[in-house]
Amino acid sequence: MDLISPGVSKATLRSLKTQIVEQFPVLYGHHPESYPWQADTSLFIIWIGLNDIHNADNVTELVFPAIFEEFAKYTDVLYQNGAKNIML
């Protein structure tokens, strides 16, 4: 699901979905030697930017419940890949 337009080129923006669903499992989910994080000592933070709220209008604000359901799914992807301490 696409988020509300951030006001910047989508070519330069990686969505939360891309970062968590596509990139995290491949780049970090296997605890690479270059970044050997541990589940019990790592904190994973999901920052939902102000633009996701500020750029909403009367139509797009209606999709907030669906967007937050998607965010919950992304959080589960992190958890399934070992991220046990997650802050939103």
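F44 is a buried residue, with a relative accessibility of 14%. The model is a predicted one, and the points below cover its aromatic pairs, its loop between α1 and β1, and the chain as a whole. A search of the whole structure turns up seven aromatic pairs.

**The F24–F44 pair**

- F24 and F44 form an edge-to-face aromatic pair, with 5.7 Å from centre to centre and 90 degrees between the planes.
- Helix α1 (residues 16-27) holds F24 and strand β1 (residues 44-45) holds F44, so this pair ties together parts that are 20 residues apart in sequence.
- F24 has 9% relative accessibility, and because buried means under 20%, F24 counts as buried.
- F44, at 14% relative accessibility, is buried too.
- F24 and F44 also belong to a cluster linked by ring pairs, together with Y28, Y35 and W37.

**The F71–Y74 pair**

- Which kind of aromatic pair do F71 and Y74 form? The pair is tilted, with 50 degrees between the planes and 6.3 Å from centre to centre.
- F71 and Y74 both lie in helix α3 (residues 64-80), three residues apart, which means that about one helical turn separates them.
- Both residues of this pair, F71 and Y74, are buried.

**A charge over a ring**

- K84 places its charged end over the ring of Y79, at 3.8 Å from the ring centre.

**The loop between α1 and β1**

- Y28 lies in the loop between α1 and β1, and Y35 has its place in that loop.
- H31 is found there as well.
- Is Y35 buried or exposed? Y35 is exposed, with a relative accessible area of 51%; the cut-off for exposed is over 50%.
- Y28 is partly exposed, at 36% relative accessibility.
- H31 is partly exposed at 32% relative accessibility.
- The phi angle of H31 is near 55 degrees, which is a positive value in a residue other than glycine.

**Surroundings of Y28**

- Leaving aside residues up to four places away in sequence, Y28 touches Q23, Y35 and W37.
- Y35 and W37 are also members, with Y28, of the cluster linked by ring pairs.
- How many residues apart in sequence are Y28 and G82? They are 54 residues apart in sequence, while their C-alpha atoms are 9.8 Å apart in space.
- V26, L27, Y28 and Y35 make a nonpolar surface patch of about 420 Å².
- Y28 and Y35 therefore appear both in this patch and in the ring cluster, with Y28 partly exposed and Y35 exposed.

**The chain as a whole**

- The protein chain has three helices and two strands.
- Read from the N terminus, its elements run α-β-α-α-β.
- The protein chain has 88 residues, of which 25% are buried.
- Of the contacts in the protein chain with a separation of 6 or more, 73% are between residues 24 or more positions apart.
- The protein chain has an accessible surface of about 6300 Å², and carbon and sulfur atoms account for 58% of that surface.

Conventions: Residues numbered from 1 in each chain as written. Predicted model: local features only at pLDDT ≥ 70, side-chain atom pairs only at ≥ 80, totals over all residues. Heavy atoms only, no water. Phe/Tyr/Trp six-rings, centres within 6.5 Å; stacked < 30°, edge-to-face > 60°. Helix = DSSP H or I, 4+ residues; strand = E, 2+ residues; numbered from the N terminus. Buried < 20%, exposed > 50% of the residue type's maximum accessible area, 1.4 Å probe, protein only. Lys NZ or Arg CZ within 6 Å of the ring centre and 35° of its normal. Contact = heavy atoms within 4.5 Å. Areas by Shrake-Rupley, 256 points an atom, 1.4 Å probe, with all protein chains shown as cover. Patch = residues over 30% accessible without salt bridge, like charges linked within 9 Å, V, L, I, M, F, W, Y side chains within 5 Å. Salt bridge = Lys/Arg side-chain N within 4 Å of Asp/Glu carboxyl O.
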